[in-house]
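Me: I have a model open and would like to go through it with you. Could you take me through its main features?

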Amino acid sequence: MTSGENINPETIRGLTQSRVSRRMFMKGAGAVAGAGALSALLAACGVTGTNPSGANPTGGNASGGTDWTSWWASKKQNGVLNFANWPYYIDTDSNGKHASLEAFTKKTGIKVNYKEVIQDDPSYYAKISPLLTKGQSIGQDIIVITDGWYLTEIINNGWAVQLDHSRMPNFTANADRSLLSPSYDPGALHSAVWQTGLTGLAYNSKKVPEGITSFADLLDPKYAGHIGLFSDNTEYGSMALLATGAQTATSTHDDWNKAVEWLNKLKPSVAKFYDQGYTDALQNGDIWISQAWSGDVYQMQQGGHPEIKFVLPTEGVITWHDNMLIPITAENPVDAITWMNYYYTPETAGIIEDYDAYICPVPAAKDYILNTLKDPAVANSPLVFPSAADLAKAQEYYTYKNLADYNAWNALFDPVAQS
Amino acid sequence: MRRLSVPYLLGFTGAAWLILFFLIPLIAGLIVSLMSGDVASGYRLTWNWSIYSDIFVNSNVNYALFLGRSLFYGATATLLTIVIGYPLAYFIAFRVSPRWKTPLLFLVLISFLISFVIRTKMWVFLLGAQGPIISFLQSIHLAGPDFAVLGTPGAVIGGQTYNDLAYMVLPIYVALERIDTRLFEATEDLYGTKRAVFFKTILPLSRSGIFSGILIVFIDTVGDPVNAALLGGRNTYNFGEAIQYAYLNLQQYNVAAALSTVLMIALGIILFVYARVFGTENIEDLV
C-alpha cells in the first residue's frame, strides 16, 4: 500500500483476496437469499429446507442409495468444463491467461470456462443452495469450498458427487498423505483439496521485538488492546481448543466450555475481531499480534513487510482446506474429474502453487518449482511447503456432526465476539 | 369523465409504490419472524411470537445492547450531520453567488463517485496507528503513543457522519433555497436582531429540510453494519452486524427477521414521536 512498493501478483491477491472480504459481499448475497425466501414465502408460507427428509445426518455416504459405479458409467466426457473458483487462486499471466488450464485443454481437448465467482463460503452457499435444493444445475462442474459447516452441509445434503478414485490415480499417488482421508470427508469421497492453509499467529516484530511462541503468550498483559482475532467463531474457537490442550477433532462440549472460558480471559486484550483487513492492521501497527493465514503472511513478507512473522504456536496450529467438489447437478462430471486428476501432478500443481503460495496439496511440486520453474522463494518457504514436523502439529477444524451440533457450537462461541 | 379518474390513477400509483416497496417487505419480514424450524428441514409458519422474548430475554447474545448501541450511534451521527451540514447548506444557499451554487453542490456530492466501502476503507488507512493523522498528532505531542481512533465508537460515528453528510446537506439546502429572502427584511423591519432572523424565521422555515434529512440519515445509520465492521473494534458490535450474522452465517432466518422487525418498529416509534413533537406540517413543501 505504500508507494514505491514492488507490486507482484501475491500482493494483488492479498489486497483483493476474497477470504478476507466476506462482509463486503454479504449485502448482495443477502438480497439473493432474501428474494428466494420471499418467493418461497408467498408460494406456501414457509421456507423450503435444504434437506427436509433429514437424510444422512452423519455425512459420509451422503446420497445414500445412489449406485455410484453405474452413475459414473453413464456419464460421458463432453469436452467442456465449467470451473468456479475464488479470485486470484490460479496462475494468471499478464494477459490474464492461465497456462495450467491451457495445457489441460491442449492435452485433453476439454475447454475450460474458468470463473472467479466465489467470494466467500456463506454467500456462495446462499447462491447455490436454492438451485441444488430443487435439483437444478448451478452451471458449474467444479466448485471450491472451504472445509467447515458449508462443506459439511453440502455433503450431508447429498449435493456433492461421490468421486470415482479409479479415474483420478494421480490423486491417490501424489496427494499429501494427510489429504487422502481428511476428518471432514473420510476417504476423500467427495472432495479433493485445491489449496491448504494454516491458521496460526502473526506478529509485527517492530512492535513485538521479543516475539511470541504460543497462544498462552497472548494473555501477557503487555499486549492488551493490541491483539486481533478472526471474527469467524470456527477460527477463534479452534484456537481456544488448542490453547486449552484439547484435540479439535475429538473435542467435547466440556472442552468447548473450557475454550470459551479461556477466550473470555483473553477478550479484554482483543482490539478487534476481523473478518477482513487484519493484514493492513498488522502492517500499520493498529494491532501487534493477530490470528493469521499462512498465505496472507507469505504475501505480506513478499510485498515488502518482512517484519511480519508467522508463528506456529507451541500448542498446535489449525489447518484448513479449500476443496474441489463436483455438484450433484453438474453437466460435465467426467470432464471435472479429468481435471482433478490432471491437477494432482507436480507440474500442474507446481505452476499453480508458484502463483498461489498457499500450501500445495502435491508435495512433489516443490522440486518442480525449485528445479524447473527456478523459484526458490516459493519452493523453500516454510509457509508454502511446511516441514513434516510443522504439519504434524496441525489439526483440522472440528467437524460439525449436524445442524444441532453446529448450533450448539455457535450458541457457546458467538457471545465471545458478539458483545 | 377522464378528469375525474386522474386523482384516483395518481393515488393508485402512490399506493402501489407503498404496497410493493414498504408494506409487502414489512409483512413478509414479520411473517418469516413467526416461523420456526431450521435451514435443513425448512421453516414453517407457526405464529411463534415467543421469538421476540427469546431474542431479548433468553438469548446468550445481548441483542438489546446492540440495539441500544445502534440507536446511540445513529442518533449521534444524525446530530453531527445537522451541526456540520446546516451551516454548509446555509452557506451555499445564502452566502455565495448563484453561479457558484452548482459547483459547490457538486462538491458535496462528489464523494459519491467512489464506492462507499472504498471511501470508508481509506479512513481505516488515514486513521491507522501509523497513518498520517495520528503520526502528525504524535509528532506535535498532542497524542500519546497508545492513542487510537480506530476501534472506538467515535470512529464508527465519525464514519457514519462522513458517509451520510450529503443526505443532510441536500434537503436542508432545498428548504433554505425556497425561503423568500424578503422575509428576512420583514423580520428586521419588526426590529428583529440577526439572531431573531435566524431563530424566528430561517430555522422554522427550514424545519422540513431538517426532518427529511433526519429521516434519511437516522434510518440509514442505525441499520448500517459497514462502518462498524470497518472502523469499529471489539466494543462496537451493532444491530446491523447482528442481523447480517443471523441471516447469513447462522442461517436462522426467523431470528434475523425478528431482529429486523424490532429495528423497524423501534425506528418507526422514534420517528413518529419526533414528528408529533416537532410537527411535519410543512414536509410536503419538499415534494
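Reply: The following turns cover numbering, chain B, the contact between the chains, a shared sheet and one helix.

Me: What kind of model is this, and how is it numbered?
Reply: This is a predicted model, in which local features need pLDDT of at least 70 and side-chain atom pairs count only at pLDDT 80 or more, while totals for chains, interfaces and linings use all residues. Residues are numbered from 1 along each chain as its sequence is written, and chains are lettered from A and ligands numbered from 1 in the order in which they are written.

Me: How many helices and strands does chain B have?
Reply: Chain B has 13 helices and two strands. Helices here are DSSP runs of H or I with at least four residues, and strands are runs of E with at least two, numbered from the N terminus. The C-alpha trace of chain B spans about 75 × 70 × 35 Å along its principal axes.

Me: What share of chain B is buried?
Reply: Of its 287 residues, 36% count as buried. A residue is buried if 20 or more other C-beta atoms, placed from the backbone, lie within 10 Å of its own, exposed if 12 or fewer do, and partly exposed in between.

Me: Which residues in chain B that are not glycine have a positive phi?
Reply: Among them are B:Trp47, with phi near 50 degrees, and B:His141, with about 60 degrees. B:Trp47 lies in the loop between S2 and helix H2 (51–58) of chain B, and B:His141 in the loop between helix H6 (132–139) and helix H7 (153–177) of chain B.

Me: Are those two buried or exposed?
Reply: B:Trp47 is exposed, because it has 9 other C-beta atoms within 10 Å. B:His141 is exposed as well, with 7.

Me: Changing topic: how many residues does each chain give to the contact?
Reply: Chain A gives 38 residues and chain B gives 37. Two residues are in contact if their C-beta atoms, placed from the backbone, lie within 7 Å.

Me: Which element of chain A gives the most?
Reply: H2(A) gives the most to the side of chain A that touches chain B, with six residues. By class, that side has 18 nonpolar, 14 polar and six charged residues. Ala, Val, Leu, Ile, Met, Phe, Trp, Tyr, Cys and Pro count as nonpolar, Asp, Glu, Lys and Arg as charged, and the others, Gly among them, as polar.

Me: And what is the strand order in the sheet?
Reply: Three strands form an open sheet in the order S1(A)-S2(B)-S1(B), with antiparallel pairing. Strands pair if DSSP finds at least two bridges between them. S1(A) and S2(B) pair over three bridges, and A:Val47 has B:Tyr43 as its bridge partner. Four bridges join S1(B) to S2(B), where the partner of B:Asp38 is B:Gly42.

Me: Last topic: which residues of H9(A) are buried?
Reply: The buried residues of H9(A) are A:Trp256, A:Ala259, A:Trp262, A:Leu263 and A:Leu266. Seen down the axis of H9(A), they fall within an arc of 120 degrees, so they line one face of the helix. The arc is that of the directions from the helix axis to the C-beta atoms.

Me: What covers them, and what is on the other side?
Reply: The cover of the buried residues includes helix H8 (233–243), S7 and H17 of chain A. On the other side of H9(A), A:His253, A:Asp254, A:Asn257 and A:Glu261 are exposed.
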